[in-house]
Amino acid sequence: LILPDGLFANQRTQESRNWILQKADPLMVVALPGATFRRPGLHAMAHLLLLRRRAPTAKPAGSCLMVNRVQERRGRLPALMERLTQDLRRVRDGQQLSSVCQVDVEHLDSQRWDAGFWHGRHRRRQWSRGVRDVPLGDFVEHLTYGPIVTGSRCAHLAGGILSIRQGDFTETGLQLHQAMRVEADGDHDPARSRVQARDLLMPRSGAGALGKNRLAVYLGEERANIGCFVDLIRLREINPFYVWLFLRSAPGWEQIKAAFNGVGTPNINFTEIRSLRIPLLAQEQQLNIEHSYLRDVLHLHQAAMDVRQSAQAQSAFANLVCTLETQMRDASSS
């Protein structure tokens with residue numbers, strides 16, 4: 001079967017996946033390249049699903065091959081199938097390919113089936129060897145989204161309350177000098193989504209925001225709220241700067257990408273945010289991450305008013321992420 005991504009990833013189609021699993025064992029799930037069904041006026045993202053019928057009294061068994069999406073300009077299906085056949089022969093002969101992982105069929109019960117989700121989990125297990133990790137949800141004190149106001153367009157109000165939106169996120173933090181401002185205590189300033197210092201903010205959709213892994217810790221002192229496409233994550237007993245930098249690292253970003261759902265536009269929901277696994281580094285190491293950002297990155301970020309200055313801030317930020325990844329590798333091997 002060739003089916004749209006939504007059937008494999010969306011929470012609302014979980015009942016359909018469970019029904020299929022009652023009837024058959026998934027043998028292979030292939031995330032087809034984005035260009036496979038791209039034509040003028042058409043951009044459909046799809047998976048190929050291979051099933052084996054199961055006896056009514058039998059339980060799910062065996063393993064399912066998860067083949068990750070490859071980026072190709074031309075999505076000719078015959079060429080793709082030929083390449084896939086060659087890869088599967090290599091796997092059968094005992095080779096390990098980064099594009100293919102195996103999942104026990106019984107583990108697919110009440111879970112997503114999209115290949116990227118399982119590859120994200122697989123890479124996280126490899127990374128976390130020797131390091132205890134826990135769900136981010138264990139540290140969440142408050143998780144909410146910005147106000148959704150129907151029937152009225154938000155208008156900028158000079159002197160109003162800051163409203164932090166997707167466009168205010170940059171690679172190295174928030175830039176709020178041109179941020180939208182809204183009426184205090186109005187429809188766009190509900191108490192539940194007001195931002196406090198050290199809150200972690202995360203765009204919840206869109207290729208240009210969530211799709212670029214742009215997050216930030218709020219460092220301002222003035223009153224602020226968030227827009228409808230931004231999530232507020234208030235944490236306890238874990239450093240928000242450390243969580244921010246970890247989610248920007250390779251193992252953190254792989255998990256976020258694996259959690260994407262939606263067709264065409266990436267989205268992430270509260271359940272998926274809470275399920276992100278965070279390695280437990282010592283509190284002193286977490287605090288060092290915060291101090292390094294404030295010392296080495298923040299002044300460059302605040303001064304980044306042109307391309308050159310932005311590049312300097314991004315370079316310092318990337319070095320900090322690289323340092324964290326090195327610490328994680330050292331902790332994993334010790």
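**Helix 5, its partners, and a four-stranded sheet**

Helix 5 and helix 6 stand roughly perpendicular to each other, because their crossing angle falls in the range of 65 to 115 degrees. This is a predicted model, so please take what follows as computed from it. The angle itself is about 75°, and the two axes are 4 Å apart. Helix 5 covers residues 240-248, and helix 6 covers residues 250-259.

Who touches whom there? From helix 5 we have Phe 246, Leu 247 and Arg 248. They meet Ala 250, Pro 251, Gly 252, Trp 253, Gln 255 and Ile 256 of helix 6. Sorted by class, that contact holds 6 nonpolar, 2 polar and 1 charged residues.

Now the loop between these helices. Ser 249 lies in it. Is Ser 249 buried or exposed? Its relative accessible area is 2%, under the 20% cut-off, so Ser 249 is buried. A polar atom of its side chain lies 2.5 Å from the backbone oxygen of Phe 246, and Phe 246 is also one of the helix 5 residues that meet helix 6. Setting aside neighbours within four places in sequence, Ser 249 is in contact with Val 321 and Glu 325.

Back to Gln 255, which sits in helix 6 and belongs to the contact with helix 5. Gln 255 has 9% relative accessibility and therefore counts as buried. Its side chain has a polar atom 2.7 Å from the backbone nitrogen of Arg 277.

Helix 5 has another partner to mention, helix 8, residues 283-303. Their axes come within 8 Å and cross at roughly 80°, so helix 5 and helix 8 are also roughly perpendicular. On the helix 5 side the contact uses Phe 241, Tyr 242, Trp 244 and Leu 245. Helix 8 supplies Gln 286, Ile 289, Glu 290, Tyr 293 and Leu 294. That contact divides into 7 nonpolar, 1 polar and 1 charged residues.

Last, a sheet. It is open, has 4 strands in the order 9-17-14-15, and pairs them antiparallel. Which strands stand at the edges? They are strand 9, residues 140-145, and strand 15, residues 216-217. Each has a single partner strand, so one side of each is left without a neighbour in the sheet. Strand 15 is joined to strand 14, residues 200-203, by 2 bridges, and the two run antiparallel. Within that pair, Leu 200 stands opposite Val 217 of strand 15.

Terms used:
Residues are numbered from 1 along each chain as its sequence is written. This is a predicted model: local features need pLDDT of at least 70, side-chain atom pairs count only at pLDDT 80 or more; totals for chains, interfaces and linings use all residues. Side-chain values use heavy atoms; hydrogens and water are left out. Buried means under 20% relative accessible area, exposed over 50%, partly exposed in between (1.4 Å probe, protein chains only). A polar contact is a pair of N or O atoms within 3.5 Å; within protein, one must be able to donate a hydrogen and the other to accept it, and residues adjacent in sequence count only if both atoms are side-chain atoms. Two strands pair if DSSP finds at least two bridges between them. Axes are lines fitted to C-alpha atoms, for helices over the stretch in contact, and angles run from 0 to 180 degrees between N-to-C directions. Angles under 35 degrees count as roughly parallel, over 145 as roughly antiparallel, 65 to 115 as roughly perpendicular and the rest as oblique. Contact means heavy atoms within 4.5 Å. Ala, Val, Leu, Ile, Met, Phe, Trp, Tyr, Cys and Pro count as nonpolar, Asp, Glu, Lys and Arg as charged, and the others, Gly among them, as polar.
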